[in-house]
Amino acid sequence: MSRPTIPSDFVSRAVRTGAEAGVDLQPALDAARISRAVLTHPHARLTPAQVSRFTQMAWQITDDELFGLAPGPVP
(Lines give C-alpha, C1' and ligand atoms only; values in the text may rest on other atoms or scores of the structure.)
Protein backbone atom coordinates (compact mmCIF):
# COMPACT_ATOMS: atom_id res chain seq x y z
CA MET A 1 0.00 0.00 0.00
CA SER A 2 1.44 3.38 -0.97
CA ARG A 3 1.56 6.33 1.36
CA PRO A 4 -0.61 9.34 0.58
CA THR A 5 1.09 12.37 -0.93
CA ILE A 6 0.06 15.88 -1.92
CA PRO A 7 0.87 17.64 -5.20
CA SER A 8 3.68 20.15 -4.72
CA ASP A 9 1.59 22.64 -6.69
CA PHE A 10 -0.39 23.39 -3.51
CA VAL A 11 2.73 24.77 -1.83
CA SER A 12 4.09 26.28 -5.04
CA ARG A 13 0.94 28.37 -5.49
CA ALA A 14 1.01 29.51 -1.87
CA VAL A 15 4.65 30.63 -2.24
CA ARG A 16 3.82 32.44 -5.47
CA THR A 17 0.78 34.15 -3.91
CA GLY A 18 2.88 35.19 -0.93
CA ALA A 19 5.59 36.62 -3.16
CA GLU A 20 3.01 38.63 -5.12
CA ALA A 21 1.84 40.10 -1.80
CA GLY A 22 5.40 40.82 -0.69
CA VAL A 23 5.54 37.95 1.82
CA ASP A 24 8.61 35.70 1.93
CA LEU A 25 7.54 32.15 2.80
CA GLN A 26 11.08 30.76 2.62
CA PRO A 27 11.13 30.17 6.40
CA ALA A 28 8.02 28.00 6.01
CA LEU A 29 9.69 26.04 3.21
CA ASP A 30 12.78 25.61 5.36
CA ALA A 31 10.76 24.42 8.36
CA ALA A 32 8.98 21.86 6.17
CA ARG A 33 12.21 20.80 4.46
CA ILE A 34 10.83 21.65 1.03
CA SER A 35 13.31 22.91 -1.54
CA ARG A 36 12.34 25.44 -4.17
CA ALA A 37 13.80 23.02 -6.73
CA VAL A 38 11.10 20.48 -5.87
CA LEU A 39 8.44 23.12 -6.48
CA THR A 40 9.60 23.55 -10.08
CA HIS A 41 8.70 19.97 -10.96
CA PRO A 42 5.02 19.78 -11.98
CA HIS A 43 4.60 16.15 -10.87
CA ALA A 44 6.51 16.36 -7.58
CA ARG A 45 4.72 15.11 -4.49
CA LEU A 46 5.08 16.11 -0.85
CA THR A 47 4.26 14.24 2.32
CA PRO A 48 1.28 15.30 4.42
CA ALA A 49 3.74 16.14 7.22
CA GLN A 50 5.67 18.53 4.96
CA VAL A 51 2.53 20.31 3.78
CA SER A 52 1.16 20.49 7.31
CA ARG A 53 4.39 22.02 8.64
CA PHE A 54 4.55 24.48 5.73
CA THR A 55 0.95 25.51 6.31
CA GLN A 56 1.42 26.01 10.04
CA MET A 57 4.50 28.16 9.48
CA ALA A 58 2.80 30.16 6.72
CA TRP A 59 -0.06 30.90 9.12
CA GLN A 60 2.44 32.19 11.68
CA ILE A 61 4.29 34.30 9.12
CA THR A 62 1.18 35.83 7.56
CA ASP A 63 -1.13 35.75 10.59
CA ASP A 64 -3.74 34.66 8.05
CA GLU A 65 -5.16 31.15 7.75
CA LEU A 66 -6.26 31.88 4.17
CA PHE A 67 -2.80 32.95 2.92
CA GLY A 68 -4.10 36.38 1.92
CA LEU A 69 -6.73 35.03 -0.47
CA ALA A 70 -9.71 36.62 1.27
CA PRO A 71 -10.59 40.31 1.41
CA GLY A 72 -9.27 40.41 4.98
CA PRO A 73 -7.03 38.19 7.11
CA VAL A 74 -8.41 35.27 9.07
CA PRO A 75 -6.12 35.07 12.13
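Trainee: In which helix does R16 lie?
Mentor: This is a predicted model, so keep that in mind throughout. Look up R16 in it; the residue belongs to helix α1.

Trainee: Is R16 buried, partly exposed or exposed?
Mentor: The relative accessible area of R16 is 42%. Buried needs under 20%, and exposed needs over 50%. The 42% of R16 falls in between, so the residue is partly exposed.

Trainee: How far apart are the C-alpha atoms of R16 and P48?
Mentor: Along the chain, R16 and P48 are 32 residues apart. In space, their C-alpha atoms are separated by 20 Å.

Trainee: Which residues does P48 touch, leaving out those up to four places away in sequence?
Mentor: P48 lies in helix α4. With a relative accessible area of 39%, P48 is partly exposed. Its C-alpha atom is 14 Å from that of A28, 20 residues away along the chain. Beyond its sequence neighbours, P48 touches P4 and I6.

Trainee: Let's turn to how the helices pack. At roughly what angle do the axes of α1 and α4 cross?
Mentor: Two packed helices are described by the angle between their axes and the distance between the axes. For α1 and α4, the axes come within 11 Å. They cross at roughly 20°.

Trainee: Are α1 and α4 roughly parallel or roughly antiparallel?
Mentor: Angles under 35 degrees count as roughly parallel. The axes of α1 and α4 cross at roughly 20°. The two helices are therefore roughly parallel.

Trainee: Is the crossing of α1 and α4 left-handed or right-handed?
Mentor: Take the pair whose axes come within 11 Å. As α1 passes α4, the crossing is left-handed.

Trainee: How many residues in the contact of α1 with α4 are charged?
Mentor: From α1, the contact uses F10, V11, A14 and V15. From α4, V51, F54 and T55 meet them. Six of the contact residues are nonpolar and one is polar; the number of charged ones is zero, that is, no charged.

Trainee: Is T55 of helix α4 buried or exposed?
Mentor: T55 touches F10 and F67, not counting residues up to four places away in sequence. Its relative accessible area is 11%. Buried means under 20%, so T55 is buried.

Trainee: Which helix supplies the largest share of the largest nonpolar core?
Mentor: In soluble globular proteins, nonpolar side chains tend to be buried together. Here the largest nonpolar core has 15 residues, and V11, V15, L29, I34, L39 and F54 touch the most other members. Helices α1 (9–20), α2 (26–32) and α4 (48–62) each supply at least two residues of this core. The largest share is four residues, and it comes from α4.

Trainee: Which residues is L39 in contact with, leaving aside neighbours within four places in sequence?
Mentor: L39 is one of the core residues that touch the most other members. With near neighbours in sequence set aside, the contacts of L39 are S8, V11, S12, V15, L29 and I34.

Trainee: How far apart in space are G22 and L39, C-alpha to C-alpha?
Mentor: G22 lies in the loop between α1 and α2. With a relative accessible area of 68%, G22 is exposed. G22 and L39 are 17 residues apart in sequence, and their C-alpha distance is 19 Å.

Trainee: What value is phi of R33 near?
Mentor: R33 is found in the loop between α2 and α3 (36–39). R33 is exposed, with a relative accessible area of 75%. Its phi is positive in a residue other than glycine, near 60°.

Definitions and conventions
Residues numbered from 1 in each chain as written. Predicted model: local features only at pLDDT ≥ 70, side-chain atom pairs only at ≥ 80, totals over all residues. Heavy atoms only, no water. Core = buried A, V, L, I, M, F, W, Y, C linked by side-chain atoms within 4.5 Å. Buried < 20%, exposed > 50% of the residue type's maximum accessible area, 1.4 Å probe, protein only. Contact = heavy atoms within 4.5 Å. Axes fitted to C-alpha atoms, helices over the stretch in contact; angles between N-to-C directions. Parallel < 35°, antiparallel > 145°, perpendicular 65-115°, else oblique. Left-handed = near helix turned anticlockwise from the far one by under 90°. Nonpolar A, V, L, I, M, F, W, Y, C, P; charged D, E, K, R; others polar.
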